[in-house]
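Work through the following exercises with the sequence and the structure open beside you. Try each task before you read its solution.

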Amino acid sequence: MVDVMGQTPEEFEQMLKDQIAAAEKKANAIKELVERLTSARVSGMDSNQDVEVEVNSDGRMTKISIDDNGMRGSARELEQAIMEAYADAGRNMRDYVRMQTTQRFGED
C-alpha cells in the first residue's frame with residue numbers, strides 16, 4: 001500500500017473530501033453574510049435625539065426623520081444635527097458589519 005503524506009489513499013481521499021466540505025460551508029456562510037450586509041439598513045441619531053438618519057450598506061442616506069424640536073433651531077443647528085446623526089449611523093453600520101462577521105467567523 002502506498003502512503004500519501006503518511007496516510008493511506010483512502011484516508012487522504014477522506015481528508016480532501018472533509019476539506020472541500022468545510023470550504024463549501026465557509027463559502028456559503030460568506031455568501032449569506034454578503035447578502036445580509038448588502039441589504040443592511042441602520043440608523044443613527046444626533047445627541048439630542050431630534051434627528052434620525054437611516055443609511056444603507058453603501059453609506060447612502062435612505063431616510064431622515066426630524067422631530068418638532070429639531071425644527072425649532074436655526075438652519076445651521078439642523079444641519080449639524082443631521083451630520084451628527086449621519087456620522088452615528090456610519091458608526092452603527094461599522095459595528096453591525098463587525099458583529100455579523102464576528103458571529104459567523106469569530107474574532108480572527
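**Exercise 1.** How many salt bridges does the structure hold?

Solution. The model is a predicted one, and the structure holds six salt bridges. One of them joins Glu 13 to Lys 17, whose closest N and O atoms are 3.6 Å apart, which falls within the 4 Å that a salt bridge allows.

**Exercise 2.** Find where Glu 13 and Lys 17 lie, and decide how exposed each residue is.

Solution. Begin with the position: both Glu 13 and Lys 17 belong to helix α1, which covers residues 9-38, and they are four residues apart, about one turn of the helix. Next, take the relative accessible areas, which are 43% for Glu 13 and 48% for Lys 17. Because partly exposed residues fall between the limits of 20% and 50%, Glu 13 counts as partly exposed, and Lys 17 is also partly exposed.

**Exercise 3.** Describe the salt bridges formed by Asp 88 and by Arg 94.

Solution. Asp 88 pairs with Arg 91, with 3.6 Å between the closest N and O atoms; these two residues are three residues apart in helix α3, and so about one helical turn separates them. Arg 94, for its part, meets Asp 95 in a salt bridge of 3.2 Å from N to O. Salt bridges with shared partners then link Arg 94, Asp 95 and Arg 98 into one network.

**Exercise 4.** In what order do the strands of the open sheet stand, and why is one side of β1 and of β3 left without a neighbour?

Solution. The open sheet has three strands in the order β1-β2-β3, paired antiparallel. Since β1 and β3 stand at the edges and each has a single partner strand, one side of each has no neighbour in the sheet. From one strand to the next, the twist averages 20°. Five bridges join β2 to β3, and Glu 52 stands opposite Ser 65 in β3. Finally, helix α3 lies across β1, β2 and β3, and runs at about 135° to β1.

**Exercise 5.** Which residues form the nonpolar patch on the surface, and which element gives the most to it?

Solution. The patch consists of Met 61, Ile 64, Ile 66, Met 71, Met 83 and Tyr 86, which together have about 540 Å² of accessible area. Two elements, β3 (61-66) and α3 (75-105), give two or more residues to the patch, and β3 gives the most, with three residues. Ile 64, which lies in strand β3, is partly exposed at a relative accessible area of 36%, and this value is over the 30% that a patch residue needs.

Conventions. Residues numbered from 1 in each chain as written. Predicted model: local features only at pLDDT ≥ 70, side-chain atom pairs only at ≥ 80, totals over all residues. Heavy atoms only, no water. Patch = residues over 30% accessible without salt bridge, like charges linked within 9 Å, V, L, I, M, F, W, Y side chains within 5 Å. Areas by Shrake-Rupley, 256 points an atom, 1.4 Å probe, with all protein chains shown as cover. Salt bridge = Lys/Arg side-chain N within 4 Å of Asp/Glu carboxyl O. Buried < 20%, exposed > 50% of the residue type's maximum accessible area, 1.4 Å probe, protein only. Pairing = 2+ DSSP bridges. Axes fitted to C-alpha atoms, helices over the stretch in contact; angles between N-to-C directions. Contact = heavy atoms within 4.5 Å.
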